Amino acid sequence: FLDGLAEYIFDANNLLDLKEVVGFTTVEEPYEGTNFIDSEVFHGNIAVGVFRRDTRNVPGSAIKRELTKNIESKKKELGKKFVSREMKKELKESITMRLLSSTPFKTELIPFLFDLKTGVGYFCNTGSSAYSSFEDVFSRAMGVSIEIKDFDCEEDVLSWLWWRLETNDL
């Protein structure tokens, strides 16, 4: 289990020109690259961790505004009324990469629990698109597809943990 988490550990060094970077971190150090230590991850038969997802997006309106300016500039430079479709595509890609590289990342930290006895994962559903990213990365990390259940981050997980502790089922 730890090997799978370590293989997909969140790596802040992968933040160059990417739109999304995902990986696992520990609850204790979700913002740091970390080594998974048994005592930080395992609590009885329950593995606890954080799925970190850093994303950034450039609004289409910003790209369009920059593209229009660049196309006008290119037409003047070339002395033409139009620029080729290929030139527009190259300009758009260049503008998107430039704007993307200067856009800060938005970080999501999503706690998860994995019941080692039942093989069921509990994912704190925040209503974001992180769910499918989590399912994909977790399945690749563990080499199996898992059943994932959503839980309310504020209430359900505490009730569940309390019940498991009271019944000595951890």
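**Aromatic rings around helix α5**

This structure holds nine aromatic pairs. One of them joins F24 and F134. Keep in mind that the model is predicted.

How do we describe such a pair? We give the distance of the ring centres and the angle of the planes. For F24 and F134, the centres are 6.4 Å apart and the planes make 85 degrees. That is an edge-to-face pair.

Now, where do these two rings sit in the chain? F24 is in strand β1, residues 20-25, and F134 is in helix α5. They are 110 residues apart, so the pair links distant parts of the chain.

Buried or exposed: what is F24? F24 has 0% relative accessibility, so F24 counts as buried. F134 comes out at 1%, and therefore F134 counts as buried too. The cut-off for buried is under 20%.

F134 has another partner, F51. Here the centres are 5.4 Å apart and the planes stand at 80 degrees, so this pair is edge-to-face. F51 lies in strand β3, residues 46-55, and F134 in helix α5, so the pair ties together parts 83 residues apart in sequence. F51 is buried, because its relative accessible area is 0%.

Let's put the rings together. Which residues do ring pairs link into a cluster? They are F24, F51, F112, F114, F134 and F138.

Next, the helix itself. Helix α5 covers residues 130-142, which is 13 residues. How far should α5 span? At 1.5 Å a residue, the expected span is 18 Å. The end C-alpha atoms are 18 Å apart, so the model agrees.

Which residues of α5 are buried? The list is A130, S133, F134, V137, F138, S139 and A141. Look at the spacing with this in mind. An α-helix has 3.6 residues a turn, so residues three or four places apart point the same way. Both F134 and F138 are on the buried list, and both belong to the ring cluster.

What follows α5? The next residue is G143, and its phi is positive, near 75 degrees.

Last stop: T55, back in strand β3. T55 has a relative accessible area of 17%, so T55 is buried. What does T55 touch, leaving aside neighbours within four places in sequence? Its contacts are K19, E20, P104, F105 and K106.

To recap, F134 of helix α5 pairs edge-to-face with F24 and with F51. Thanks, everyone.

Technical notes. Residues numbered from 1 in each chain as written. Predicted model: local features only at pLDDT ≥ 70, side-chain atom pairs only at ≥ 80, totals over all residues. Heavy atoms only, no water. Helix = DSSP H or I, 4+ residues; strand = E, 2+ residues; numbered from the N terminus. Expected span 1.5 Å × (residues − 1). Buried < 20%, exposed > 50% of the residue type's maximum accessible area, 1.4 Å probe, protein only. Phe/Tyr/Trp six-rings, centres within 6.5 Å; stacked < 30°, edge-to-face > 60°. Contact = heavy atoms within 4.5 Å.
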